[in-house]
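This report describes the surroundings of a bound ligand and then one helix of the same protein. The sequence and structure are shown first.

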Amino acid sequence: MENPFAESFKIKMVEPVYRSTREQRREWIKKARYNVFNLRSEQVYVDLLTDSGTTAMSQQQWAEMMLGDESYAGASSYYKLKQSIEDLFGFDYFLPVHQGRAAENVLFSVLVKEGDIVPGNAHFDTTKGHIEYRKATALDCTIQEAYNTSLIHPFKGNIDTDILQHVLEKYADDIPFIILTLTCNTTGGQPVSMQNMKDVRTLADRYSIPLVYDAARFAENAYFIKEREDGYKEKTIADIVTEMFSYADAVTMSSKKDGNVNIGGFIGFRNGDWYEKACTYNILFEGFLTYGGMSGRDMNALACGLREAIEYDSLETRIKQTEYLANRLLEKGIPVQQPTGGHAVYIDATRFLTRVPREEFIAQTLAIELYLEGGVRAVEIGTLLADRDPQSGENRYPEIEYLRLAIPRRVYTNNHMDVAAFALANIFDRKDKITSGYRIIKEAPIMRHFTVELEPVKAG
Ligand code: F0G
């Protein structure tokens with residue numbers, strides 16, 4: 001028998017978390033207007049709201065923080081980060097920005113104009129937001145298999161190349177670029193296969209359209225290619241990453257995920273012309289070209305965090321923890337997106353709370369139940385997040401209502417995962433008694449889920 005597996009790190013610094021009573025939580029969530037973003041962190045026992053910016057940094061990263069160069073222009077930290085980006089992704093040009101949506105803002109200011117169409121694999125909400133804000137359309141071309149949560153498919157982040165070809169044929173003149181999100185957050189942290197990247201590249205070349213990656217979770221995607229795709233078992237994560245990015249013209253990156261830092265991002269370019277145009281917007285929105293919204297110490301930590309991101313052992317630790325949580329839920333019969341994705345477990349809320357009407361926000365209802373039951377904070381990836389249709393003003397009902405349990409990197413143990421699984425199992429046992437959800441009392445016109453205020457449809 002093989003030796004048992006354990007985490008690829010040991011813990012040097014700890015941060016307390018607090019348990020609370022159901023009575024306290026009932027009070028707190030009511031005060032938060034039933035929006036988990038309004039809770040204070042100390043009101044949460046296990047925080048699975050997001051894996052973004054919640055990473056525990058390594059001792060090497062903390063050591064790098066002390067070496068940060070805070071010069072306004074030409075800081076050594078900038079060149080350190082430039083070197084990491086060149087080595088890992090092969091991009092000659094890059095701009096630092098303060099986070100992923102800032103990268104979208106700067107790059108899309110160069111590339112997207114009114115009436116454009118941007119095809120992709122289930123664009124993340126800020127990506128879609130930045131496209132729609134410019135009165136353009138984000139067109140989802142993800143494979144249909146992604147929307148059947150019980151179907152096992154190794155690459156549910158893939159683009160349907162037949163659909164893409166059709167879209168390119170019809171709208172080529174209005175398409176500034178194709179975007180591939182690695183991994184695809186919206187369909188469940190699901191990877192894109194190398195073959196799909198190659199096929200999309202071939203189509204992009206045929207129609208002379210550039211290909212952009214949203215690479216927030218590029219390392220997790222590379223891990224899945226190694227584990228699941230023929231021909232990659234013997235390759236290193238570094239080699240896989242090099243090949244992945246060889247097919248892209250540019251990249252937007254939220255470093256708060258696989259960059260292993262708490263804030264930061266960048267844009268990578270192969271094309272000097274795009275870079276030059278983006279420089280103006282970077283100075284306008286983010287900061288001078290050699291810091292762009294990041295401090296020197298943060299750039300140092302990121303330069304190191306990117307190199308750590310491609311270490312096989314830490315990726316294995318991470319993905320196995322996600323699988324651990326998913327398996328605890330599957331054992332209880334709780335429906336989750338299968339196979340398990342990289343950064344999170346996605347519960348199919350419609351198959352869990354079958355008696356709550358969709359107008360009453362099924363996944364949000366489950367998020368609130370989970371908080372009340374175990375003090376666990378998860379997030380709705382459903383109708384609230386999907387916003388209203390910009391034309392009709394009606395709610396957009398996504399194909400699947402998810403409750404996402406996102407796992408911060410190197411932060412929680414599997415005992416914390418058990419707390420979440422136990423609470424969900426208890427709710428699952430009494431799920432038929434949950435028959436009503438919530439109604440909106442206040443909402444913003446775009447990205448409403450962050451600030452929405454709700455009340456229970458039935459008092460009590
Ligand atoms: N792209 C993807 C795929 C993301 O998941 C996110 C953020 C962004 C872009 C935007 O990056 O937050 O640095 O501005 N996702 C977070 C999440 C918020 O919880 O999934 P950002």
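## Ligand site and helix H8

The ligand is surrounded by 16 residues, and the closest are Thr50, Arg101, Asp214, Ser254 and Lys257. The model is a predicted one. Sorted by class, the shell around the ligand holds 8 polar, 7 charged and 1 nonpolar residues. Helix H4 (residues 100-111) supplies the largest share of this shell, with 3 residues.

Side chains that place an N or O atom by the ligand include those in the table.

| Side chain | Ligand atom | Distance to an N or O atom of the side chain |
|---|---|---|
| Arg404 | oxygen | 2.7 Å |
| Gln99 | oxygen | 2.8 Å |
| Lys257 | nitrogen | 3.0 Å |

The ligand taken alone exposes 470 Å², and 94% of that is buried by the protein.

The second topic is helix H8. This helix spans residues 218-228, and 9 of its 11 residues are buried, so the rest of the structure largely encloses it. Buried here means under 20% relative accessible area. The residues of H8 that meet this cut-off are Phe218, Ala219, Glu220, Asn221, Ala222, Tyr223, Phe224, Ile225 and Lys226.

Which elements cover the buried residues of H8? Among them are the helices H3 (76-89), H7 (194-206), H9 (237-246), H11 (296-309) and H12 (312-331). Strand E7 (250-254) is also part of the cover over H8.

Methods: Residues numbered from 1 in each chain as written. Predicted model: local features only at pLDDT ≥ 70, side-chain atom pairs only at ≥ 80, totals over all residues. Heavy atoms only, no water. Near = heavy atom within 4 Å. Polar contact = N/O pair within 3.5 Å; in protein donor to acceptor, adjacent residues only side chain to side chain. Areas by Shrake-Rupley, 256 points an atom, 1.4 Å probe, with all protein chains shown as cover. Helix = DSSP H or I, 4+ residues; strand = E, 2+ residues; numbered from the N terminus. Nonpolar A, V, L, I, M, F, W, Y, C, P; charged D, E, K, R; others polar. Buried < 20%, exposed > 50% of the residue type's maximum accessible area, 1.4 Å probe, protein only. Contact = heavy atoms within 4.5 Å.
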